[in-house]
Amino acid sequence: MNIIFLGPPGAGKGTQSKRLEARYGIAQISTGDMLRAEVKAGSDIGREAKTLMDAGKLVPDSMIVSMLESRIQQPDCAKGFILDGFPRTVGQAEALDEVLVRLKSQIDVVLVLQVDEDALADRIAGRFSCAKCGASYNDLSKPTELPGRCDVCGSHDFVRRADDNRETVTSRLASYRKETMPLLPYYEKKVMVAFVDGMAPIEAVSAQIDTIMQEVELITKK
């Protein structure tokens with residue numbers, strides 16, 4: 001089963017993608033991770049991408065799509081894949097469609113995590129993690145059990161990402177509305193698009209997605 005996960009930054013796509021990967025045996029593909037792996041491996045594409053990034057330039061869509069085409073033909077994608085963070089634009093979606101046609105494959109469902117933007121901004125601005133073991137916390141939804149002490153390793157050192165602030169989050173949400181939201185009507189004409197309440201507790205979000213997955217499985221088996 002091939003899945004596209006859409007939703008604004010911080011909506012929980014990564015968390016749910018990893019859970020689906022473990023439960024259904026389908027590979028989670030993050031284009032950011034994929035690009036970093038190519039750079040680390042020193043492949044031809046990786047070297048070219050590194051040159052562009054070192055110069056402060058964006059890696060072109062054609063390069064990302066080329067890497068993606070190679071990636072989804074790997075053995076761990078035999079049962080399907082989850083695209084987390086790609087496509088971001090209609091142009092990328094069109095390029096992805098061309099790849100899937102060549103590979104005689106298709107997207108089976110687009111999962112859309114819907115969130116309240118103000119609440120999401122508060123959620124992201126409240127994120128922090130243990131500097132020693134990396135355990136994740138949140139001022140509002142997941143504080144440490146004892147103030148200033150990591151629940152996992154007991155460390156008192158914590159870090160926050162520099163871009164986890166309301167101003168940056170607001171800007172990223174605006175970009176998502178402008179660039180990515182147009183993907184909804186694009187995919188609604190082609191495949192099943194399912195909306196999920198991303199503001200619900202993690203377990204409830206997972207349950208919603210499992211129900212959708214069961215429906216998609218029934219459709220794809222017909």
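Modeller: A word on UniProt first: its positions follow the numbering used here, feature names are shortened, and annotations may be inferred rather than shown by experiment. Also, keep in mind that this is a predicted model.

Colleague: Okay, which cysteines does UniProt place under "binding site"?

Modeller: The feature comes from an unreviewed entry. The residues it names are Cys130, Cys133, Cys150 and Cys153.

Colleague: And what is the largest C-alpha distance among those cysteines?

Modeller: Along the sequence, they are spread over 24 residues. In space they cluster anyway, with the largest C-alpha distance being 8.7 Å.

Colleague: Is cysteine 150 buried or exposed?

Modeller: Cysteine 150 sits in the loop between β6 and β7 (158–159). Skipping residues up to four places away in sequence, it touches Cys130, Cys133, Ala135, Tyr137, Ser155 and Phe158. Buried means under 20% relative accessible area. Cysteine 150 has 0%, so it counts as buried.

Colleague: What about cysteine 133, what is its relative accessible area?

Modeller: You'll find cysteine 133 in the loop between β5 and β6 (136–138). Leaving aside residues up to four places away in sequence, it touches Cys150, Val152 and Cys153. Cysteine 133 counts as partly exposed, with a relative accessible area of 37%.

Colleague: Let's zoom out a bit. Which residues does the "Adenylate kinase active site lid" domain cover?

Modeller: That's a UniProt annotation from an unreviewed entry. Over this stretch the chain is 0% helix and 24% strand, and the end C-alpha atoms are 11 Å apart. The annotation covers residues 127–163.

Colleague: Where does arginine 127 sit?

Modeller: UniProt's unreviewed entry lists Arg127 under "binding site", in a set including Gly10, Tyr137 and Ala200. Not counting residues up to four places away in sequence, arginine 127 touches Gly10, Tyr137, Asn138, Arg160, Arg161 and Asp164. At 27% relative accessibility, it counts as partly exposed. Its place is in strand β5 (residues 127–130).

Colleague: Glycine 12 is listed there too. What is its relative accessibility?

Modeller: Glycine 12 belongs to the loop between β1 (2–6) and α1 (13–24). Partly exposed runs between the buried limit of 20% and the exposed limit of 50%. Glycine 12 counts as partly exposed, at 25%.

Colleague: How far is alanine 93 from tyrosine 186, C-alpha to C-alpha?

Modeller: Alanine 93 is part of helix α5 (residues 90–102) and is buried, with a relative accessible area of 0%. It touches Pro87, Leu183, Tyr186 and Tyr187, not counting residues up to four places away in sequence. Alanine 93 and tyrosine 186 are 93 residues apart along the chain, yet their C-alpha atoms are separated by 8.5 Å.

Colleague: What share of contacts in the chain joins residues at least 24 apart?

Modeller: Here we look at contacts between residues at least 6 apart in sequence. Among those, the share joining residues at least 24 apart is 67%.

Colleague: And the whole chain, what is its radius of gyration?

Modeller: The secondary structure comes to nine helices and eight strands. For 222 residues the globule rule gives 17 Å, and the chain's value is close to that, so it is as compact as a globular protein of that length. The radius of gyration is 19 Å.

Colleague: Last one: what percentage of the residues is buried?

Modeller: The accessible surface of the chain comes to about 12,300 Å², with 52% of that belonging to carbon and sulfur atoms. Of the 222 residues, the buried ones make up 41%.

Terms used:
Residues are numbered from 1 along each chain as its sequence is written. This is a predicted model: local features need pLDDT of at least 70, side-chain atom pairs count only at pLDDT 80 or more; totals for chains, interfaces and linings use all residues. Side-chain values use heavy atoms; hydrogens and water are left out. Helices (H or I, at least four residues) and strands (E, at least two) are DSSP runs, numbered from the N terminus. The radius of gyration is taken over C-alpha atoms; the globule rule is 2.2 Å times the number of residues to the power 0.38. Buried means under 20% relative accessible area, exposed over 50%, partly exposed in between (1.4 Å probe, protein chains only). Contact means heavy atoms within 4.5 Å. Accessible areas come from the Shrake-Rupley method with a 1.4 Å probe; for residues, only the protein chains shown count as cover.
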